[in-house]
Every structure is written in C-alpha cells, then in structure tokens.
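Reader: Before I rely on any side-chain geometry, I would like to go through some of the helices and charged pairs with you. Could we take them one at a time?

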Amino acid sequence: ANDNSKRPPEIIGRIEEYLRSNYDKDLSNEIISSEFGYHPFYLNRIFKEHTGQTLHKSLIGERIKIAKMLLRSTPLSVEEISKESGFGDRASFCTTFKKEVGLSPSEYRNKKRA
C-alpha cells in the first residue's frame, strides 16, 4: 500500500525550487543531480516517486509555464520566448509546446488574446 501521508523528503522541494529558478539554463539530469550531490538515476527516481514526474518533465513544465505567461503578456516574438523560457531553439520549443499544450505558441497567443 502506498502511504501518502509520508512527506516527501525536503530535497524534493529544493529541487522544485531549483527548477523554478534555473529553467532558463541548459539543465540535464546530470547537472541537476550534481547540484544536489546525488546520482542522476537515484535523484530522478525519488523525484518521480514523490511528484509523479521525472526531473526532465518537471523542467519542461516549468518552461511551458513561463512561455505561456510570456505569450499572454508580452509582445516578444516566438523566437525570443523560446530563448527566454529556456528552450534554446524555436523548433524544439514549438514542438514541445504543441505536444504539451495542444496548440502552437502562436495559436495559444491568439486564443488568449481573443
């Protein structure tokens, strides 16, 4: 039986905070793990056990959140937003955004403005 009253270790909150602060950097599981002094597989496993998401998925979620906010509230181009939100290049940003949100960044922006 899964005991949900078990509080996630304090490290989980620290990782989430780290992702919120560093979403715009080029992060891999290795980089995140070394930041906390853990083995990448181990850290990813305990993170997933407690949040239901892998480190990578959580990082993507953080980036999408920022991108949505920028699309709604700034005149920045999709190109600029892809950099601002940590995706690096426009193509991977558009692909990931559409996969996660179901709309392209431009469609999302137009819908939210309408």
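The questions and answers below concern a predicted model.

Reader: Which residues of α6 are buried, and on which side of the helix do they lie?

Author: Helix α6 spans residues 90–101 and reaches 16 Å from its first C-alpha to its last, close to the 16 Å expected at 1.5 Å a residue. Its buried residues cover an arc of only 105° around the axis, which puts them on the same side of α6. The residues in question are Phe93, Thr96 and Phe97.

Reader: Which helices do the buried residues of α6 pack against, and which exposed residues does the face turned away from them carry?

Author: The buried residues of α6 pack against α4 (55–73), α5 (78–84) and α7 (105–113). On the face turned away from that buried side, the exposed residues are Ala91, Thr95 and Lys99.

Reader: Is Ser33 buried or exposed, and which backbone oxygen lies 2.6 Å from a polar atom of its side chain?

Author: Ser33 belongs to helix α2, which covers residues 29–36, and its relative accessible area is 0%, so Ser33 is buried. Leaving aside residues up to four places away in sequence, Ser33 touches Tyr38, His39, Pro40 and Leu43. The backbone oxygen that lies 2.6 Å from a polar atom of the Ser33 side chain is that of Asn29.

Reader: How far apart are the closest N and O atoms in the salt bridge of Arg45 with Glu49?

Author: Arg45 and Glu49 are 4 residues apart in helix α3 (residues 40–51), and are therefore separated by about one helical turn. Arg45 counts as partly exposed at 48% relative accessibility, whereas Glu49 is exposed at 56%. The closest N and O atoms of this salt bridge are 3.5 Å apart.

Reader: Is Glu62, which meets Lys65 in a salt bridge, buried or exposed?

Author: Lys65 and Glu62 both lie in helix α4, 3 residues apart, about one turn of the helix, and their side chains meet at 3.4 Å, N to O. Lys65 counts as partly exposed, at 48% relative accessibility. For Glu62 the relative accessible area is 11%, which is under the 20% cut-off, so Glu62 is buried.

Reader: Which residue forms a salt bridge with Glu79, and how many salt bridges are there by this rule?

Author: Glu79, partly exposed with a relative accessible area of 33%, has its partner 4 residues away in helix α5, so the two are separated by about one helical turn. The closest N and O atoms are 3.0 Å apart, and the partner is Lys83. By this rule, the number of salt bridges comes to 7.

Notes:
Residues are numbered from 1 along each chain as its sequence is written. This is a predicted model: local features need pLDDT of at least 70, side-chain atom pairs count only at pLDDT 80 or more; totals for chains, interfaces and linings use all residues. Side-chain values use heavy atoms; hydrogens and water are left out. Buried means under 20% relative accessible area, exposed over 50%, partly exposed in between (1.4 Å probe, protein chains only). A polar contact is a pair of N or O atoms within 3.5 Å; within protein, one must be able to donate a hydrogen and the other to accept it, and residues adjacent in sequence count only if both atoms are side-chain atoms. Contact means heavy atoms within 4.5 Å. The expected span of a helix is 1.5 Å times one less than its number of residues. The arc is that of the directions from the helix axis to the C-beta atoms. A salt bridge is a side-chain nitrogen of Lys or Arg within 4 Å of a carboxyl oxygen of Asp or Glu.
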